[in-house]
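Here are my notes on the model you sent over. Have it open while you go through the points.

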Amino acid sequence: MGKGLPQRLRQLRKSQHVSQRTLSELCGLSRNAVARYESGERTPTILTLATLADFLGVTVDDLAGRAKSPGACDFSERSVRAGGEAAE
């Protein structure tokens with residue numbers, strides 16, 4: 001796995017030249033929320049994570065620093081056609 005959420009959030013925010021205060025205001029968060037997420041003191045809700053990811057132009061997985069692991073499940077249509085079965 002790559003960088004965790006705190007580091008990745010900081011990296012993406014800084015690469016877009018956005019202050020913590022501006023990001024929090026534009027995403028409807030309290031003034032200190034972004035600082036707490038970047039320090040690892042707090043973890044955002046999934047809704048907040050999605051809002052931050054949308055603003056930063058990345059996926060939630062990318063923001064969280066989650067890389068697809070080699071053994072991860074693949075439920076794509078191509079995989080199912082190749083002989084796998086998707087559970088209902």
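1. Salt bridges. Searching the whole structure turns up six of them, a salt bridge being a side-chain nitrogen of Lys or Arg within 4 Å of a carboxyl oxygen of Asp or Glu. One of these joins the side chains of Arg8 and Asp62, at 3.0 Å from N to O. This pair ties together distant parts of the chain, with Arg8 in helix α1 (residues 5-15) and Asp62 in helix α5 (residues 60-63), 54 residues apart. Helices (H or I, at least four residues) and strands (E, at least two) are DSSP runs, numbered from the N terminus.

2. Ground rules. Keep in mind that this is a predicted model: local features need pLDDT of at least 70, side-chain atom pairs count only at pLDDT 80 or more, and totals for chains, interfaces and linings use all residues. Residues are numbered from 1 along each chain as its sequence is written, and side-chain values use heavy atoms, with hydrogens and water left out.

3. How accessible are Arg8 and Asp62? Arg8 is buried, with a relative accessible area of 15%, while Asp62 is partly exposed at 30%. The cut-offs here: buried means under 20% relative accessible area, exposed over 50%, and partly exposed in between (1.4 Å probe, protein chains only).

4. Other charged pairs. Arg36 forms a salt bridge with Glu41, where the closest N and O atoms are 3.6 Å apart. Arg36 is partly exposed at 31%, and Glu41 counts as exposed at 57% relative accessibility. Arg66 and Asp61 also meet through their side chains, 3.1 Å from N to O; Asp61 is partly exposed, at 36%. Arg10, Arg13 and Glu38 are worth a look as well, being linked in a network of salt bridges.

5. The core. In soluble globular proteins, nonpolar side chains tend to be buried together. Here the largest nonpolar core has 16 residues, and Leu9, Leu23, Leu29, Leu52 and Leu63 touch the most other members. α1, α3 (33-39) and α4 (46-56) each supply at least two residues of this core, with α4 giving the most, four residues. By nonpolar core I mean a set of buried Ala, Val, Leu, Ile, Met, Phe, Trp, Tyr and Cys residues joined through side-chain atoms within 4.5 Å. Not counting residues up to four places away in sequence, Leu29 touches Ser24, Val34, Tyr37, Thr48 and Leu52, a contact being heavy atoms within 4.5 Å.

6. How do α1 and α4 cross? Their axes come within 11 Å and cross at roughly 30°. That makes α1 roughly parallel to α4, a label for angles under 35 degrees (over 145 is roughly antiparallel, 65 to 115 roughly perpendicular, the rest oblique). Axes are lines fitted to C-alpha atoms, for helices over the stretch in contact, with angles running from 0 to 180 degrees between N-to-C directions. At the interface, Leu5, Leu9, Leu12 and Arg13 in α1 meet Leu49, Leu52 and Leu56 in α4.

7. A loop residue to check. Val18 sits in the loop between α1 and α2 (20-26), and is buried at 14% relative accessible area. Leaving out residues up to four places away in sequence, Val18 touches Arg13, Leu23 and Phe55. The C-alpha atoms of Val18 and Leu56 are separated by 9.8 Å, with their positions 38 residues apart along the chain.

8. Overall. The protein chain has six helices and zero strands. Of its 88 residues, 26% count as buried.
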